Protein chains: 2
Amino acid sequence: MSFLYDRVALIGLGLIAGSMALAMREKGLAREIVGHARSAETRETALEIGLVDRVYAKASEAVVGADLIVLAVPVGAMGAVAEEIAPHLAAGATITDVGSVKQAVVTAVAPHVPQGVHFIPGHPLAGTEHSGPRAGFPSLFQNRWWLFTPSEGIDEDAVLRLETLVNRMGAKTERMDAAHHDLVLAVTSHTPHLIAYTMVGVADHLKRVTESQVVQYSAAGFRDFTRIAASDPTMWRDVFLQNKEAVLDILGRFTEELFVLQRAIRMGDGDHLFDYFTRTRAIRRGIIEAGQDTSAPDFGRSPGAETKS
Amino acid sequence: MSFLYDRVALIGLGLIAGSMALAMREKGLAREIVGHARSAETRETALEIGLVDRVYAKASEAVVGADLIVLAVPVGAMGAVAEEIAPHLAAGATITDVGSVKQAVVTAVAPHVPQGVHFIPGHPLAGTEHSGPRAGFPSLFQNRWWLFTPSEGIDEDAVLRLETLVNRMGAKTERMDAAHHDLVLAVTSHTPHLIAYTMVGVADHLKRVTESQVVQYSAAGFRDFTRIAASDPTMWRDVFLQNKEAVLDILGRFTEELFVLQRAIRMGDGDHLFDYFTRTRAIRRGIIEAGQDTSAPDFGRSPGAETKS
């Protein structure tokens, strides 16, 4: 059996790293998988459920002899981890990350990467509202995008090998500029998450209606928001701090738009609302046509999910 | 076979009325189902796919001889329809509606309801992003709430019969005050919908990133928003205009909260963001414990949906 990588070192053992480990094992992509997590409990769990062959209390020990190193820690911790492991990286090794922000990661990590080590920033567009080593599952990346933002002059063979790895885990790959990545993600993911967090926070303050009824009668809109707003707090704190500029840009545009709609409601301008809602409906059709979601009616979730609830 | 109602008249033949017709037929709840829609095309479709036994071009003709009349038109059209059908309602008949707003419907409809006819406002918390007579399916109400806001002094037998009907269609029932209903729904459904519409509109304006990439890389947050923002424009225009007070109240609170988070991002206040996101995570747990959603990881949709996309 020929493996794509001999030894993969996962730095951080949460949802993404755990799912990578399970997917790599399932497809036989690496001879050996080792890992590091700051928490002793996480390390024990990762060993116990078989995510990794060995765990290390120090990241610098975990990377020794690895030909692929995956930084899977919150975006705000990437720089410190890179600095710690840098002197221990083998020549010719590839280092990648799975952070949701790319410019800040490049700025924090790249200066520490030694000559002869290939740094290829990456971002799998996959996740769930759960976190921790037990949250992983091998099909997480199935049919999902995995974006890479390699710098110019990077070793093409190293990039192709890494792309092959994630392709075999089920993901589709694309390369783009880091700044462009951050703006696209600010629109499609970061700002929607902040808005969902906000709306759930508003409901929490409204004690007179929330105690049980907001939860009990939680319909389409709000229920989807609570799912988004249940995502890992540390990860998302770092995303907003590290993609500050693009998120503030999009938030400013969002507030302007919202005020225009709010004014239309206050003034009773039904034509404005109707035209706006008709335009947004068309974008949804684009997403279905792009194969990023199905047209099956889903506000009520699938019948299977319903009977379980 | 004993039916709960002899003749049900559906005024409006969209997603909700269509699903009611299919559910009533499947469970044998009405001897005869007739309908009215303004559009000739909708009437023909409803007949063709067997939603109703007969259709009428005039609402006033459809209600003759009916012992249950369901107003399933946009909230803004309820008053005019009630006025038109009022002289033709049989004594002892029950009239209900399925509007997402209750106070405005009561104000618009109640004055027209003749003595001896039981008006029981209702709202099924069910729907999908699709609309029209072909969008209906009989399991739409399965395990969903159907809220009623009957006024004091209403005939208890009439309410029980109507509750039995929707129970047999699979729904759970609850009674509450109309004003309370409107506030709860402003939090759980109306404001989240407006926010989703707004976010999708923002993306639409950002042509430099949207053309294909926002759609192509549409991740968790945004994809859920587009689904919500694909809902029927006429229905939602009316919801916002008819529940103006509660929606503007919640929107004001939302904007305040959002500005506080936006400021925390700008100032780099990570502790504030982390604490906020930790609180919102707890609400999600409440929803799962209340049985309103499952804890199955779902940001990636179910594997079945994924392979279809």
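Which residue forms a salt bridge with Arg237(B)? The close-up views below come from a predicted model, and the opening view gives the answer.

**View 1. Arg237(B) and its salt-bridge partner, Asp238(B).** Arg237(B) pairs with Asp238(B). Their closest N and O atoms are 3.0 Å apart. Arg237(B) has a relative accessibility of 22%, so it counts as partly exposed. Asp238(B) has 6%, so it counts as buried.

**View 2. A salt bridge between two strands of chain B.** The side chains of Arg7(B) and Glu32(B) meet here, with an N to O distance of 2.6 Å. Arg7(B) lies in strand β1 (residues 5–11) of chain B, and Glu32(B) lies in strand β2 (residues 30–36) of chain B, so the pair ties together parts that are 25 residues apart in sequence. Is Arg7(B) buried or exposed? Arg7(B) is buried. Glu32(B) is buried too.

**View 3. A salt bridge between a helix and a strand of chain B.** Glu163(B) and Arg175(B) meet through their side chains, 2.7 Å from N to O. Glu163(B) belongs to helix α6 (residues 156–168) of chain B, and Arg175(B) belongs to strand β8 (residues 172–175) of chain B, so this pair ties together parts that are twelve residues apart in sequence. Glu163(B) counts as buried because its relative accessibility is 10%. Arg175(B) counts as partly exposed because its value is 33%.

**View 4. A network of salt bridges in chain A.** Five residues are linked here: Asp6(A), Arg7(A), Arg31(A), Glu32(A) and Arg54(A). Over all chains, the count comes to 22 salt bridges.

**View 5. Helices α7(A) and α10(A) in contact.** Two packed helices are described by the angle between their axes and the distance between the axes. Helix α7 of chain A covers residues 178–205, and helix α10 of chain A covers residues 233–242. Their axes come within 11 Å and cross at roughly 120°. That angle makes α7(A) oblique to α10(A), because oblique takes in angles over 115 degrees and up to 145. The crossing is left-handed. Which residues of α10(A) make the contact? They are Trp236(A), Val239(A) and Phe240(A). From α7(A) come Ser189(A), His190(A), His193(A), Leu194(A) and Tyr197(A). By class, the contact of α7(A) with α10(A) has five nonpolar residues and three polar ones. It has no charged residues.

Notes: Residues numbered from 1 in each chain as written. Chains lettered and ligands numbered in written order. Predicted model: local features only at pLDDT ≥ 70, side-chain atom pairs only at ≥ 80, totals over all residues. Heavy atoms only, no water. Axes fitted to C-alpha atoms, helices over the stretch in contact; angles between N-to-C directions. Helix = DSSP H or I, 4+ residues; strand = E, 2+ residues; numbered from the N terminus. Parallel < 35°, antiparallel > 145°, perpendicular 65-115°, else oblique. Left-handed = near helix turned anticlockwise from the far one by under 90°. Contact = heavy atoms within 4.5 Å. Nonpolar A, V, L, I, M, F, W, Y, C, P; charged D, E, K, R; others polar. Salt bridge = Lys/Arg side-chain N within 4 Å of Asp/Glu carboxyl O. Buried < 20%, exposed > 50% of the residue type's maximum accessible area, 1.4 Å probe, protein only.
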